[in-house]
Amino acid sequence: MSDVYQAIANSNVGKKLFSAINLPIPVLLERYSPEQASFVSGDVLVGAAKGGKAVAAVLETLKGAPEASIKTLAGMATEAEVQKVSGGTGINVDNYTASREDSQKFKALVLDATGISSTADLKACYDFFHPVIRKLEKCARIVVIGRPPESCEIDQRIPQRGLEGLVKSLGKEIKKGATANLVYVEDGAEPQLMSSLQFFLSAKSAYVSGQVVRVGASDYDAAGYDWHKPLAGKTALVTGAARGIGAAIAEVMARDGAKVIVLDIPPMADDLNAVASRIGGVALQADITAADAPEIISNAAKENGGLDIIVHNAGVTRDKTMGGMSDKFWDMVIDINISSEERINAQLLKDGSLKDGGRIVCVSSISGIAGNMGQTNYSTSKASVIGMVQGMAPQLAEKNITINAVAPGFIETQMTAAIPFAIREAGRRMNSMNQGGQPVDVAETICYFSSPASQGVSGNVVRVCGQSLLGA
Ligand SMILES: NC(=O)c1ccc[n+]([C@@H]2O[C@H](COP(=O)([O-])OP(=O)(O)OC[C@H]3O[C@@H](n4cnc5c(N)ncnc54)[C@H](O)[C@@H]3O)[C@@H](O)[C@H]2O)c1
């Protein structure tokens, strides 16, 4: 659905008028296109708190961005750690002397905060961000890297947890379509940072801000990895793929090189076939709640050589407050949105039609995090999805299978077009981007989780919500 407010606000007349009366102007977000040579282009400022262990991995990742120019802050404590390791990575890091007057702009700021081990050390965050935070380009990126607080001793745990507050507040301050995200990396897992850094520094994360991702150890080797075709040679199945977010997921997965089986209910056959033929995929008509659906999906998987990726996207809303809700609405939403996913996972794991090293990606919702008036059934189902992700991640690790979820906020689809005008406008504007997200934003995040390079990324829930105030 088109956003008329955004279109007017970005017209020549609209810009002047909206600024004069202080109305928000939702920036036209930069999104990925295969023509982009580099996952980030322009000046990237890198800093590291004393004792930082992730800076080498940051520089190694930036080697894959030929259009990025790397700088560090001269004369700051965060400079020394960067210069110490840059020689070893063979990457050229220029010193930038901070000045309020110059016209320097940065496309990205990356702070390795893994060395922060006391609350006094948090000053490195101020030292790094204060001189440059007003020097961001449109749609700039901030990434902070820390240690998972739960695996730290208490003195380090306290400030590491503090980084969440820093990043979420930065996300709300920076405007102009910029994002700020936090990556907690386990000690020793730094080489696994690549896929998360690429995602959060690139236009693929246009509508993802204020999020926290945990990266753990894995034996994934990035040799031969292609950022433009990360899913080459992979087979994926996407449920609810005839339209909306599911169709976008199928398209982006095909763009990224995957063979995609698209599934939807028989009444959606025409739309489903259209998606399948657009992406050169395979259409599979099935109702995921049917008793034989797990078997049908497993058979389709086997006929296509087994699945590397399953995306549980199909979902419905049947909104009523608890007192007015029929048991039919309750049962239907729980069955489609969570129980069927459990049954399908059980079958695919039992008979190996989801291969070892596979990816399970689920679609939750910010309604499952924050709750919503009139959505007790939906919020319960979507919070259950989060429970499934968190519960299954450790169990699946022995098969090198990862499981993660996206939690979309307000995404422009037929589902949200049906929301009454006033509530729809509130949902669209009450986030750091002042606009709704596009289905492609959810799809890009799902492809990040699905990438072979995300082997160390499991048990996460990432909101694709433009840092919505709902449930923040
Ligand atoms: N649009 C949003 O703003 C938003 C926000 C948060 C979460 N989500 C979630 O994203 C997912 C996709 O949402 P959407 O907005 O694209 O919705 P949509 O209604 O446009 O598409 C959902 C698709 O799922 C299919 N489906 C429904 N029941 C099915 C069943 N039993 N078996 C097989 N397929 C079935 C539908 O036919 C449809 O094609 C859902 O899980 C939804 O809960 C959407």
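These legends cover the whole fold, the ligand shell and two helix contacts of a predicted model.

**View 1. Overall fold of the predicted model.** The protein holds 16 helices and 14 strands. Its C-alpha atoms fill a box of roughly 65 × 55 × 45 Å along the principal axes. The radius of gyration is 22 Å. A compact globule of 472 residues would have a value near 23 Å, so the protein agrees with that expectation.

**View 2. The shell around the ligand.** The ligand has 27 residues around it. Which of them come nearest? They are Gly240, Gly244, Ile245, Gly315 and Met415. Two helices, α8 (244-255) and α14 (414-417), each supply at least two residues of the shell. By class, the shell divides into 13 nonpolar, 11 polar and 3 charged residues.

**View 3. Helix α8 against helix α16.** The axes of α8 and α16 (residues 439-450) come within 8 Å. They cross at roughly 50°. That angle makes α8 oblique to α16. The crossing is right-handed. On the α8 side, the contact is formed by Gly244, Ile245, Ala248, Ile249, Val252 and Met253. These meet Pro439, Val440, Val442, Ala443, Glu444, Ile446 and Cys447 in α16. The contact has 11 nonpolar residues, 1 polar and 1 charged. Gly244 and Ile245 link this view to the previous one: both meet α16 residues as part of the α8 set, and both are listed among the residues that come nearest the ligand.

**View 4. Helix α11 against helix α13.** Here α11 (residues 327-350) and α13 (residues 376-396) have axes that come within 8 Å. How are the two helices oriented, roughly parallel or roughly antiparallel? Their axes cross at roughly 15°. Angles under 35 degrees count as roughly parallel, so α11 is roughly parallel to α13. The crossing is right-handed. From α11, the contact draws on Phe329, Trp330, Val333, Ile334, Asn337, Ile338, Glu341 and Glu342. Their partners in α13 are Asn377, Tyr378, Thr380, Ser381, Lys382, Ser384, Val385 and Met388. By class, this contact has 8 nonpolar, 5 polar and 3 charged residues.

Notes:
Residues numbered from 1 in each chain as written. Predicted model: local features only at pLDDT ≥ 70, side-chain atom pairs only at ≥ 80, totals over all residues. Axes fitted to C-alpha atoms, helices over the stretch in contact; angles between N-to-C directions. Helix = DSSP H or I, 4+ residues; strand = E, 2+ residues; numbered from the N terminus. Parallel < 35°, antiparallel > 145°, perpendicular 65-115°, else oblique. Left-handed = near helix turned anticlockwise from the far one by under 90°. Contact = placed C-beta atoms within 7 Å. Nonpolar A, V, L, I, M, F, W, Y, C, P; charged D, E, K, R; others polar. Near = placed C-beta within 6 Å. Rg over C-alpha atoms; globule rule 2.2 N^0.38 Å.
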